[in-house]
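This report looks at how charged side chains pair up, and at how helices turn some residues inward and others outward. Please keep the structure in view while reading.

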Amino acid sequence: MSVIEGDAGGQAGGDGAGEPTATEDLLYDVIRRLWPLHRTVVRAVERELADTGMTAGEHALLDALHSEGPRTVPQLARAMGLDRQPVQRWVNHAAELGLVVTAPNPAHRRSSLIRLTTEGTAAIRGIQQFEATELRQRLADLPAEDVRTALHVLDRLGEEFRHLANGSRVQREETDSQGSRDSRGSDGSNGSNNNPEGHGIRPATAPLMHKGRSGE
C-alpha cells in the first residue's frame with residue numbers, strides 16, 4: 001500500500017530508512033479506530049431499530065436502495081462490499097416485512113431488481129430524518145471542511161485496501177508509477193500539482209452514519 005512518502009511537512013521521519021513517518025503514525029491511529037467505531041455505530045443503529053423488526057444490515061440495504069434506486073442482489077453486494085449471501089438474507093427478510101419487492105430486470109431476465117415499497121421508502125426516510133437530527137445535535141461543532149477531509153481520507157484508505165484485498169498491489173504501484181511519468185510536463189515537472197483533486201477518488205455518497213454487517 002503506497003500511501004505515504006513523507007510526514008505532514010513533506011519530510012521523511014526518523015533517523016533511519018524504513019522508520020515510520022509522522023503521517024504513517026497518524027494513519028495507523030485512524031485504522032486502529034475504525035473497527036471499534038464500526039462496532040459502536042452498529043450497536044447505536046441496532047438500538048435505534050429495536051422496535052422496527054429490522055437489523056442494521058437491512059437498514060444498510062434500504063439506505064442503498066433509497067440512494068441508488070432499484071438494484072440486483074449482486075449489484076447491492078458489490079456496492080456494500082459484501083458477499084451475496086448476507087445481502088440475499090437481508091433482502092428476503094425485508095421482503096417479509098413488506099419493505100422491498102422484486103421487479104423484472106429488463107437487462108437480465110434471471111436477476112431480478114430489488115426495489116423499495118412505499119412502506120420501505122417511508123421507513124428509511126423516517127430513520128434518516130431521526131439520524132439527521134441526531135447528527136446536527138451531537139456533531140454541530142464539526143466544520144464541514146473537517147468532514148470532507150475525513151471522507152477523503154476514508155475513501156483513499158478504502159481504495160488502497162481494496163487493491164490489497166484483491167491482490168493487485170504490484171499492478172497498482174506499476175500503474176501509479178507509469179501514470180506519474182505520463183503526467184509530467186515537457187519541463188519535467190509533475191503536472192498533477194496543478195490538479196489537487198485528480199486522485200480518481202469518487203465523493204462518498206453514503207450517509208455519515210454508515211451501517212455495518214450486523215444482523216445477518
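How many salt bridges does the count come to? The model shown here is a predicted one, and in it the count comes to five salt bridges. Three of these five are described here, beginning with a table of the partners and the distances between their nitrogen and oxygen atoms.

| Salt bridge | N to O distance |
|---|---|
| D29 and R32 | 3.0 Å |
| E68 and R71 | 3.7 Å |
| R148 and E145 | 3.1 Å |

The pair D29 and R32 sits in helix α1, which runs over residues 22–48, and because the two residues are three apart in that helix, they are separated by about one helical turn. An α-helix has 3.6 residues a turn, so residues three or four places apart point the same way. The two partners are not equally open to the surroundings, since D29 is partly exposed with a relative accessible area of 31%, whereas R32, at 55%, counts as exposed.

A comparable spacing is found in helix α6, residues 144–165, where R148 and E145 are three residues apart and therefore separated by about one helical turn. Of this pair, E145 is partly exposed, with a relative accessible area of 47%. In the salt bridge between E68 and R71, E68 has a relative accessible area of 38% and is partly exposed, and R71, at 27%, is partly exposed as well.

Helix α1 also contributes to a feature of another kind, for L34 has its place in this helix and, together with L37 and L154, forms a nonpolar patch on the surface, the accessible area of the three together being about 250 Å². Taken by itself, L34 is partly exposed, with a relative accessible area of 33%.

Next comes helix α4, which holds 13 residues, 84–96. At 1.5 Å a residue these should span 18 Å, and the C-alpha atoms at the ends of the helix are indeed 18 Å apart, so the expected and the computed span agree. Which residues of α4 are buried? They are P86, V87, W90, V91 and A94, and because they cover an arc of only 140° around the axis, they lie on the same side of α4. The other side of the helix carries Q85 and E96, which are exposed. Among the elements that cover the buried residues of α4 are the helices α2 (56–68) and α3 (73–80) and the strands β1 (100–103) and β2 (113–116). Just after α4 comes G98, which takes a positive phi of about 80°.

Helix α3 can be described along the same lines. Its buried residues include V73, P74, L76 and A77, and, seen down the axis of α3, the buried residues fall within an arc of 160°, so they line one face of the helix. On the face turned away from this buried side, α3 carries the exposed residues R78 and A79. What do the buried residues of α3 pack against? They pack against α2, α4 and β2. Just after α3, G81 takes a positive phi of about 70°.

Technical notes:
Residues are numbered from 1 along each chain as its sequence is written. Side-chain values use heavy atoms; hydrogens and water are left out. A salt bridge is a side-chain nitrogen of Lys or Arg within 4 Å of a carboxyl oxygen of Asp or Glu. Helices (H or I, at least four residues) and strands (E, at least two) are DSSP runs, numbered from the N terminus. Buried means under 20% relative accessible area, exposed over 50%, partly exposed in between (1.4 Å probe, protein chains only). The expected span of a helix is 1.5 Å times one less than its number of residues. The arc is that of the directions from the helix axis to the C-beta atoms. Contact means heavy atoms within 4.5 Å. Patches are made of residues with over 30% relative accessible area and no salt bridge: like charges are joined within 9 Å, nonpolar side chains (Val, Leu, Ile, Met, Phe, Trp, Tyr) within 5 Å. Accessible areas come from the Shrake-Rupley method with a 1.4 Å probe; for residues, only the protein chains shown count as cover.
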